[in-house]
Structures are given as structure tokens and as C-alpha cells.
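I opened the notebook to look up two things: how the nonpolar residues group, and where closed spaces lie inside the protein.

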Amino acid sequence: MLSIKNLHVSIDGKEILKGINLEIKPGEVHAIMGPNGAGKSTLASVLAGRDLYEVTEGEIIFQGKNLLDMAPEDRAKEGIFLGFQYPIEIPGVSTVNFMKTAVNEHRKHKGLDPLTASDFLRLMRDKKALVEIDSKLTNRSVNEGFSGGEKKKNEIFQMAMLEPKLAVLDETDSGLDIDALRIVANGVNKLKTAENSTIVITHYQRLLDYIIPDVVHVLFDGRIVKTAGKELALELEEKGYDWIKEENGK
Amino acid sequence: MAKEEQDKILDEVTQSDYKYGFVTDIENDDIGRGLSEDVIRMISAKKNEPEFMLEFRLKAYRHWLTMKMPEWAYLKIPEINYQDIIYYSSPKQKAKLESMDDVDPEIRATFDKLGIPLDEQKLLSNVAVDVVMDSSSVKTTFKQALAEKGVIFCSFSDAVQEHPDLIQEYMGTVVPIQDNFFAALNSAVFSDGSFVYIPKGVRCPMELSTYFRINAENTGQFERTLIVCEDDSYVSYLEGCTAPMRDENQLHAAIVEIIVKDNAEVKYSTVQNWYPGNKEGLGGIYNFVTKRGICEGKNAKLMWAQVETGSAVTWKYPSTILKGDGSSSEFYSVAVTNNHQQADTGSKMIHIGNNTKSTIISKGISAGKSSNSYRGLVKVTKNCEGARNFSQCDSLLLGDKCGAHTFPYLEIGNKSAKVEHEATTSKIGEDQIFYCNQRGISTEDAIGLIVNGYAKEVINKMPMEFAVEAQKLLAISLEGSVG
């Protein structure tokens with residue numbers, strides 16, 4: 001599914017990622033944890049193709065294709081979805097119109113005809129029910145005036161609509177109360193299949209009570225310094241990140 | 001987005017073509033360049049006008065000679081040589097049109113190409129159209145159907161012939177000849193336009209629309225529109241305009257006068273798409289327009305909705321005089337400037353009657369090296385009690401080579417007035433574009449979505465068919481621009 005080899009990334013000449021290696025197979029859930037400033041969000045942005053970042057070395061192969069050669073919209077249509085840490089507001093653009101444009105771009109990419117209005121609305125209704133999002137949110141402009149929790153739910157709703165092969169959820173749990181956290185996690189779990197994979201980026205272990213990862217990585221100072229099963233998350237919860245810092249001489 | 005990428009996409013903007021830039025090869029009847037009393041007499045004679053019209057024109061001309069072109073607008077305009085312009089040019093065709101078959105096939109083809117079929121059968125069933133090419137009206141559709149309701153909708157020239165009393169009574173009452181430089185010029189040389197009269201208690205059964213087309217070279221277009229709505233009547237009126245691509249600038253100076261009586265309502269929508277000039281700023285229309293309505297009666301309503309994407313220079317401030325007690329007016333505008341276009345546009349709301357209300361919603365979108373200014377006046381006279389105004393002026397910037405400016409003027413003469421003004425300036429965020437990209441939407445389409453979202457409040461005020469056209473126009477005129 002995804003293979004990252006020796007990935008080095010800089011922003012404004014400052015190196016953030018210093019040689020990441022990561023292999024993700026279909027159906028797997030990987031959690032990437034780590035203290036603030038470790039480079040977690042940078043990794044998510046680079047996967048999605050944000051051009052603020054400069055890849056100085058290494059490669060990312062997604063489903064046999066060189067991801068770094070692709071424009072962000074092409075990566076999306078190939079099946080990469082980024083759940084934003086801070087979803088963006090687009091005033092005046094209805095969620096319906098936005099999603100319809102996006103879904104039909106995905107369909108075009110697959111050689112399918114655009115959905116008719118009624119088929120699209122049916123799809124929306126089904127997905128809204130699946131992720132428990134309120135119609136009053138999807139009737140509004142994209143993320144405009146949404147609370148933090150509403151924005152995150154809207155990300156999961158969009159993920160449901162687009163059915164990605166690889167979902168990268170960047171700090172999806174930040175700013176969520178326990179109910180919203182449960183709803184968001186349930187959404188992610190329901191969307192899980194044997195074919196698609198998920199990268200869950202989080203600071204806290206809390207989310208991983210709901211979304212059970214197959215593998216947990218600790219990202220520290222631009223490198224993955226530890227990889228283990230889900231028990232690693234619990235250990236981090238208990239001991240914090242200090243021991244990681246000490247082990248790595250910082 | 002990286003700087004080079006941004007510049008590349010901004011450059012691409014300039015390659016998006018003006019889709020209406022063709023020229024129709026028809027014979028014109030023109031009077032040669034230049035302006036003098038003789039020229040005005042000649043125009044009046046060609047149109048076989050009654051004496052009062054000639055007097056009106058000459059008075060305006062003599063006044064115009066004493067005036068100077070206004071310089072207060074935030075516009076850079078090279079000097080205009082008013083003697084180098086042809087003031088009257090009319091497509092040569094048979095004197096009187098009895099049916100569609102009489103319209104010159106070339107002219108019919110022109111309007112077909114513009115998507116304005118002149119054939120009533122082919123028309124959207126609920127829109128009557130008057131088409132004006134250069135200095136004269138070519139054809140007005142659905143005249144009969146409207147006449148049955150007592151609605152008069154015809155070219156201004158026909159109205160002068162057939163309803164001289166109405167013209168004499170109302171012409172120049174809202175925009176007097178001495179009002180401003182361009183109004184005086186128009187009053188002297190105007191050649192055609194539309195006249196609308198809605199009798200008492202009549203709801204006009206269809207949208208009325210005038211389509212203006214400049215075709216001839218070196219010609220100025222000076223049209224005049226007069227709309228009179230008697231008590232308890234209603235009309236929705238639309239205006240659209242295009243012109244061929246030419247390297248020299250062409251002058252367009254129009255006047256619109258609207259009179260709204262007791263409890264009557266007028267909606268006036270414009271989609272202005274005159275040729276904006278090429279990407280280096282060569283050519284394009286100079287658009288100097290005076291549009292003003294008076295809510296004369298109590299509870300009269302006047303709404304302006306405009307989408308302005310064309311012209312090299314736009315100088316235009318649709319205004320309302322709120323004279324009747326309880327009368328109200330709304331102004332909704334989207335003005336797009338790209339490349340080297342310049343716009344200085346906005347609205348004036350003059351509150352005279354008690355409890356009058358006005359709303360101004362102005363959305364400017366600037367791209368390329370263009371300049372886009374909002375200029376608006378809210379005036380509340382001394383004896384006007386309970387006036388209310390809300391103004392909102394938003395500017396959206398695409399790229400870093402364009403400019404947006406806001407010049408609000410407030411003259412409040414009565415303490416009971418409540419006046420609110422809000423202004424924002426934003427850039428289309430790279431974040432917004434990236435967010436769309438990440439959902440599979442290309443940058444081009446993302447800008448289309450974002451800009452239409454931004455302008456939605458205004459576009460929603462337009463009649464359906466125009467709203468669709470306006471949306472497409474916004475996308476086309478900003479093709480490729482990114483901020």
C-alpha cells in the first residue's frame with residue numbers, strides 16, 4: 001500500500017524529517033505518536049502534497065506509483081485522504097456543492113459518469129447516517145462557523161463520501177469532547193475494510209482506546225525511534241515522552 | 001503555493017479569452033467623427049425627433065462644454081479626445097421591422113452567437129428582450145403580449161415617437177442634464193436604449209431585458225434607459241452587454257433613470273461584460289455610467305443587482321433617492337477586475353423620506369494587476385427621521401499585484417439615523433485551495449468554487465437565467481488566477 005524510504009523533508013532550509021522509513025499494508029491501522037514538534041503533521045502534509053515542504057531525499061511509493069511526482073488533487077483521486085488537524089472554512093460554498101464536485105472528480109478519475117443529483121443526495125444521506133453527522137452541518141457552508149468538534153466530524157463525513165484507500169488522520173482527536181471522540185472513532189471503525197489502511201496521528205493514547213492500531217510508531221526529532229504493537233501506546237500514556245527523549249539523548 | 005507556480009498560474013489568467021470579441025460585418029450608417037451642435041442636430045434629425053428632444057440635447061451639450069471630466073475617481077485614464085469619436089452609427093437595415101424576417105441575417109447571427117436569439121419562439125418564454133446594437137435598437141420581442149397588460153416596453157427612439165408625452169414628463173428628472181460630465185454628454189448625444197412603463201397595479205408578466213452590443217469601430221455607445229413604475233406595480237428588468245475586441249478604447253456613457261411610485265417595486269439587474277482589453281491593458285471599453293432611481297412614492301422599493309466583469313475602466317455608482325416615506329433600496333454588487341482593468345464603483349443612498357431603509361452589499365474581486373475600488377455614499381437629510389442603512393464592502397484579492405480600496409462617505413444630518421458599515425479584505429487562501437485539492441478538486445475549479453461562494457449573496461438576488469450566466473462569467477473571467 002504505502003512505502004516510505006529514507007524520507008528527508010525541510011521547510012525554509014530547516015530539516016524536519018530526517019530519514020523516515022515506514023511500510024503500511026492493506027487493512028492495517030498505524031498510529032504515529034510523539035511529542036509536539038516531532039514532525040507528525042509534517043509527515044501528514046507531505047503525504048498529501050502540501051508544497052510548503054521540500055522533500056530533499058527519499059521516496060514515497062503508494063500503490064506502486066511515485067507519490068512525490070503527483071499533484072495534491074491527483075494523490076487525492078488515487079485514494080489518499082487527509083483528515084486535517086485544522087479543517088479550513090470556505091465561506092459561501094455549500095457542503096453539498098463541495099462534496100458533489102469532489103465525488104464527481106473522483107468518479108471521473110475512475111472513468112465513471114458523474115452521479116445524478118438524486119443519487120448523490122442518497123449517497124450523502126447514507127454516509128451522514130453512518131458517521132452520525134447532523135444535516136444542519138452539511139446544509140451549511142464548508143466548515144463555516146463550525147465548532148472544533150463539528151469540523152472533525154465533517155472530516156470523517158468527507159472521508160466516508162470519498163472512500164479513500166489510505167486515510168491519514170492528523171490529530172483528529174484534538175479539541176474533541178468524549179462524545180465527539182466516540183462518534184469520530186466509530187466513523188473511522190465503520191469505514192475500515194480489509195483493503196483500506198489508516199494512519200492515525202495523535203499526541204495522546206485516548207483515541208487509541210477507540211481505534212485499535214495494529215502498529216504504533218513513535219516519531220521523535222524527525223525519526224521513527226520506536227515501533228511496536230498497541231501496548232506501546234499504553235506505555236507512553238503511563239510514562240510520557242521523557243524516557244524516549246532520554247533514550248535519544250535529548 | 002510556491003512563488004513560481006503562483007506566477008505561472010497568474011500568467012495563465014491572461015490567456016483566458018474574451019468569448020464575445022468577434023465583429024459582425026454589416027454596413028453602418030454613421031455620421032463621421034466629432035461633436036458639435038451640427039452633429040447633435042444631425043442625430044436628432046436622423047431620428048426624426050420632436051422639437052423638445054433637440055432642445056434637451058442642445059441644452060445638455062452647451063452645459064457639457066462648460067464641464068471638465070471628473071478626476072476624483074481612483075482611476076488612471078488617458079486623455080479622451082472627444083472629437084475623435086463617432087457619435088452615431090446604426091446598422092443599415094430596413095426602416096421598419098414588421099417581423100423577424102426583416103432583421104438582417106448577419107445581425108440575427110450575431111445575437112444567436114451571443115446566445116440571445118431574437119426569434120420569440122426560441123426565447124426563454126418568460127423574458128422579453130430589446131436588443132441595441134451600436135446606436136440603435138434592432139428588435140424588441142413580446143411587444144404585443146406586454147401591450148395587452150398595458151406595459152410599454154420598446155426602444156427609446158420608438159418611445160420618443162409613440163409616447164412623447166411620457167418621455168417629456170420623465171426624461172431628465174432623476175439624472176438632470178447638468179448632473180455630471182458624462183450624464184451631460186449622454187444627454188446631448190444619446191441614440192437609443194429602452195423605455196419601460198408599467199401602469200398602475202400591474203405586475204409585469206415577464207422579465208424585461210435589454211441586450212447592448214457595441215459593434216462598429218471608433219464609435220461611442222450612449223444609451224439611455226427610462227423605467228417608470230406607477231403605483232402598486234412591479235417589474236424585473238435585466239441588462240447585458242458585450243463588445244468586440246479592438247485595440248483602441250471605446251467609450252460607453254449611459255444613463256439609467258428609474259421612477260418608482262407608491263408601493264411599486266423595481267428590480268434592476270446588470271451583467272456587464274464589455275470587452276476588458278487584452279492582457280497588456282490595450283483596448284477595452286471605458287464604461288462611464290450614471291444609474292439612478294427615485295423611490296418617489298411611499299413604501300416604494302428599488303433593488304440593484306450587478307455582476308461587473310468587463311470594461312477596461314468602470315465608473316459607476318447606481319444610486320437611489322429614497323424620497324417616499326417607508327421606501328427602501330438594496331444594492332448588491334460583484335465587481336471583478338483582472339489584468340489591467342480598473343473599477344471605481346459603488347452606490348449612493350440618499351435618505352429623504354421618514355423610515356427609509358437601504359442596504360449595500362458590495363463584493364470586489366481583484367486579480368492580475370488590476371485595481372478595484374468601492375466608493376459609496378450614505379446621506380441622511382436633516383428632516384429624515386428613522387433612516388437605516390447597512391453597508392458591507394468585502395474585497396477578495398487573488399495574487400499580490402492587484403489592489404483593492406474602499407472609500408465610504410457618510411453624511412448624516414439627523415440623529416435618529418442608524419447607519420452601519422462593515423468592510424473586510426481577504427485573500428483566497430492557499431489553505432483553502434489546498435483543502436479543495438486534497439479532496440480531488442483542481443486549483444482552477446477550487447477558485448471557481450471559492451469565488452462563486454464569495455459572491456453568492458449577490459448572485460442569489462439575480463433572476464435565475466442571469467444567475468447562471470453570472471456564475472459562468474465569474475469563473476471565466478478569473479480562469480487560472482491564484483493567490
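I start with a term: a strand here is a DSSP run of E with at least two residues, numbered from the N terminus. I note that the model is predicted.

Entry one, cavities. I looked up the count and found six cavities of 30 Å³ or more. The largest has a volume of about 90 Å³. I listed its lining of 15 residues, where B:Ser362, B:Gly364, B:Asn372, B:Tyr374 and B:Asp394 are the closest to the centre. I saw that β19(B) gives the largest share of this lining, four residues. By class I have nine polar, four nonpolar and two charged residues for the largest cavity.

Entry two, the second largest cavity. I read a volume of about 50 Å³. I found 12 lining residues, and those nearest the centre are B:Glu239, B:His252, B:Val289, B:Lys291 and B:Lys316. Strands β9 (234–242), β10 (249–260), β11 (265–272) and β12 (284–295) of chain B each give two or more residues to this lining. The largest share, three residues, comes from β12(B). The classes are four nonpolar, four polar and four charged residues.

Entry three, cores. Which residues have the most contacts inside the largest nonpolar core? I wrote down A:Leu2, A:Ile4, A:Leu7, A:Phe98, A:Met99, A:Ile199 and B:Ile365, in a core of 108 residues. Helix α10 (residues 443–459) of chain B supplies the largest share of this core, nine residues. I also noted a second, separate core of 56 residues, with B:Ile43, B:Ala73, B:Phe181 and B:Trp315 among them.

How values were computed
Residues numbered from 1 in each chain as written. Chains lettered and ligands numbered in written order. Predicted model: local features only at pLDDT ≥ 70, side-chain atom pairs only at ≥ 80, totals over all residues. Heavy atoms only, no water. Core = buried A, V, L, I, M, F, W, Y, C linked by side-chain atoms within 4.5 Å. Buried < 20%, exposed > 50% of the residue type's maximum accessible area, 1.4 Å probe, protein only. 1 Å grid on protein atoms, 1.4 Å probe; cavity = no way out; pocket = protein on both sides within 12 Å on 5 of 7 lines; lining within 4 Å. Points joined across faces, edges and corners; volume = space filled by probe spheres on them. Nonpolar A, V, L, I, M, F, W, Y, C, P; charged D, E, K, R; others polar.
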